[in-house]
Amino acid sequence: MTSKQKHIPVRLAGLSDGVDELRFDVAPADIELPAEFAQTVDVRIEVDKTHHQVAVHVFVSTTAQYPCDRCLEAVDIAVDTDLRIVFVHDNSAEGGEDDRDIRLINPNDPVADLAEDVREAALLCIPMRRVCGENEHGEPRCSGILPDDRNADTQPKEDPRWDTLKSLNLDQ
Ligand SMILES: [Zn+2]
């Protein structure tokens, strides 16, 4: 055996018809997720075997932690996604009724490894822009110090309305 170790193995042969469920607790490093993925990846797989095919529905759940783009504070990003793959014995059967991911079962090695699929699905959950979020006024929720705030501290605002207010107060 020269094939590398399978981290999320799904047996596709020798199944009886019906739905089965598999669960894996996967260490992020085992499926080559980046260090921002520090928590165990929860993978649940529904395996639906019928005569001609094995349809799998994969549910991926974990949490990643990335620095906020604004303030660099750690932001928890929920990773909650699912994907479907259909494994068939013979590709000659007509398909294409939808855009499902259809793959051939390798008769010499009928155990598919879904590690790469889970890795890609998890990474797709990470947005390009990662911030602490915004409140109802569109202001950042950042609890860390914003670069804009640092600039504001060194450049006091000169607003003529303050002078008016000051003079009003003095008059009283
Ligand atoms: Zn922030």
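## Exercises on a predicted model

Asp117 is buried, at a relative accessible area of 13%. Keep in mind that the model is predicted. Let's work through it together.

**Exercise 1. Find the charged partner of Asp117, and say which elements the pair links.**

*Step 1.* Start with the location: Asp117 belongs to helix H1, which covers residues 115-124.

*Step 2.* List the contacts beyond four places in sequence: these are Leu83, Ile85 and Arg103.

*Step 3.* Check for opposite charge. Arg103 and Asp117 meet through their side chains in a salt bridge, 2.6 Å from N to O. This pair links distant parts of the chain, with Arg103 in strand E6 and Asp117 in helix H1, 14 residues apart.

*Step 4.* Compare the accessibility classes. Arg103, with a relative accessible area of 26%, is partly exposed, while Asp117 at 13% is buried because the cut-off for that class is under 20%.

**Exercise 2. Work out which parts of the chain are tied together by Asp109 and Lys6.**

*Step 1.* Confirm the bridge: the closest N and O atoms of Asp109 and Lys6 are 2.9 Å apart.

*Step 2.* Place both ends. Asp109 sits in the loop between strands E6 (101-104) and E7 (111-113), and Lys6 in the segment before strand E1 (9-11), so the pair ties together parts 103 residues apart in sequence.

*Step 3.* Look at the surface: Asp109 is partly exposed at 29%, and Lys6 is partly exposed at 24%.

*Step 4.* Put the pair in context: the whole structure has 10 salt bridges.

**Exercise 3. Describe what surrounds Arg44.**

*Step 1.* Find the acid: Glu46 forms a salt bridge with Arg44, with 3.2 Å between the closest N and O atoms.

*Step 2.* Find the ring: the charged end of Arg44 sits over Phe59, 4.3 Å from the ring centre. A search for aromatic pairs, by contrast, finds 0 in the whole structure.

*Step 3.* Add accessibility: Arg44 counts as buried at 19%, whereas Glu46 is partly exposed at 29%.

**Exercise 4. Assign the geometry of the zinc site.**

*Step 1.* Collect the donors: the SG atoms of Cys68, Cys71, Cys132 and Cys142 coordinate the zinc ion at 2.2 to 2.3 Å.

*Step 2.* Read the spacing in sequence, which is C-x2-C-x60-C-x9-C.

*Step 3.* Test the angles. The 4 donor atoms give angles of 105 to 112°; the site is tetrahedral because all angles lie between 85 and 135 degrees.

*Step 4.* Check two donors for burial: Cys68 is buried at 1% relative accessibility, and Cys71 is buried at 8%.

Definitions and conventions
Residues numbered from 1 in each chain as written. Predicted model: local features only at pLDDT ≥ 70, side-chain atom pairs only at ≥ 80, totals over all residues. Heavy atoms only, no water. Helix = DSSP H or I, 4+ residues; strand = E, 2+ residues; numbered from the N terminus. Buried < 20%, exposed > 50% of the residue type's maximum accessible area, 1.4 Å probe, protein only. Contact = heavy atoms within 4.5 Å. Donors = N, O, S within 2.8 Å, 3.2 Å for Na, K, Ca; no water. Tetrahedral: all angles 85-135°; square planar, octahedral: opposite > 155°, others 65-115°. Phe/Tyr/Trp six-rings, centres within 6.5 Å; stacked < 30°, edge-to-face > 60°. Lys NZ or Arg CZ within 6 Å of the ring centre and 35° of its normal. Salt bridge = Lys/Arg side-chain N within 4 Å of Asp/Glu carboxyl O.
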